[in-house]
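Today I want to look up how the ligand sits in its surroundings, and then check one further residue. I keep my notes short and in order.

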Amino acid sequence: MTTPPPGATRLVHGGKQPRYEGGRPVNPPVVRASTVLFDSVAQQLELRARRDSERNFIYGARGNPTNFALEDLVTELEGGFRTRLFPTGLAAIGMVLLACLKPGDHLLMSDGVYEPTRHLVRSFLVPRGIECSFFAADGSDAARLMRPNTRVVYAECPGSLLYEMCDLPALAALAHEAGALLVADNTWGSGLQYRPLALGADISVMAATKYLGGHSDVMMGTACATEAAWAPLNQTCDAFGMTVSPDDAWLVLRGARTMGVRLAQHQRQALEVARWLQRRSEVARVFHPALPGDAAHALWLRDCHGSNGLLSFEFAPAIGHDSASRWMDALGLFGIGASWGGYESMVGLYDLGHSRGAAWTGRGLLVRLHIGLEEVEALLADLAQAFDALASQRAG
Ligand SMILES: *Cc1c(COP(=O)(O)O)cnc(C)c1O
């Protein structure tokens, strides 16, 4: 048997949390913990007895003080009872649906949802006996599609890529009359520009990966519930051991502090780019709810407190996939990739024929832009030179 090297005990037991007098930092510290220690068995048992009704620090899987600080920030933004955190936005959506649905139930979901949400439903929930149907992203046929076993109405408002808006208070009334919950994906609004819980939703989900994090360096999902909808969600999260790293929670907290000024700049610049694109002959239609004339504009004025850096446009029918790709490749300031909500501009190409089906048949290719915090004049000049490059290639 080999004896441990000298000092092994000191290595394990030395350097405990120092106790000191003084003030406290502005920001919550990063508390990394799996194990949590108690002063006595009695204290441990007493805290454990309250763990399902109260938030306390008893084991890393149930959160830690850094995560609690972010949960509280999101709860304040969303105006709910309490919040849970998830490793991604999609994980938050999946966990909420698992918490609220069981085999034999029906889920009525907006056709405007983020594509991986649709995939989650089709590939996981439907094979496990949960029925699902999709309502038009403007909500127009939702009442007709309700079933006696509808337990969740799920909206994403504004919708992904086309930013359709539905009347959330009307959907809430429809759901509640049938004894169902209304769940909303609030990633677009990020808790500042849109507040689903105030409009009648029971649970609001966000991908904090986008504007809350805001710097393209962290993945995170949040789900904030009303008091009535909280317990089943919280229990399901505990059953699955859902938690996030305190380092990631700290990054989101760090990013979120400046979200207000970032969004003000994103939305001002996106509206300017949207107006500029409307005047281009290569563009058939621009989608941005803050644009007067957009199909969602009236509801956006009624229910939103602002917009953001997202806009999409449909290329004129003559511009096919090769030309659209060349146009994107010619851009110098727009990153080609997925996601959005960082400080930088992004561009992505979408063929909506796959997801929106008949509603998009015969339409052009769709480009989504995320307008970042660069100077808008530089972004417009970049877009213009890419259109010019396309025109000279088409002529040549
Ligand atoms: C990005 C996004 C998500 C998923 O977030 P991840 O953190 O990437 O999993 C969910 N909903 C919407 C509307 C999104 O844009």
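The entries below go from the ligand to a single proline.

Entry 1, ground rules. I am working with a predicted model, in which local features need pLDDT of at least 70 and side-chain atom pairs count only at pLDDT 80 or more, while totals for chains, interfaces and linings use all residues. Residues are numbered from 1 along each chain as its sequence is written, and side-chain values use heavy atoms, with hydrogens and water left out.

Entry 2, the shell. I found 14 residues around the ligand, and those that come nearest are Gly89, Leu90, Asp185, Thr209 and Lys210 (near means that a heavy atom of the residue lies within 4 Å). By class I noted six nonpolar, five polar and three charged residues (Ala, Val, Leu, Ile, Met, Phe, Trp, Tyr, Cys and Pro count as nonpolar, Asp, Glu, Lys and Arg as charged, and the others, Gly among them, as polar).

Entry 3, atom pairs. I looked up a polar side-chain atom of aspartate 185, which lies 2.6 Å from a nitrogen atom of the ligand, and a backbone N or O atom of glycine 89, which lies 2.8 Å from a ligand oxygen atom. The protein buries 93% of the 380 Å² that the ligand exposes when taken alone (areas by the Shrake-Rupley method with a 1.4 Å probe).

Entry 4, proline 116. I read proline 116 as partly exposed, because its relative accessibility is 26% (buried is under 20%, exposed over 50%, partly exposed in between, with a 1.4 Å probe and protein chains only). From proline 116 to alanine 274 I noted 158 residues in sequence and 26 Å in space, C-alpha to C-alpha.

Terms used:
Polar contact = N/O pair within 3.5 Å; in protein donor to acceptor, adjacent residues only side chain to side chain.
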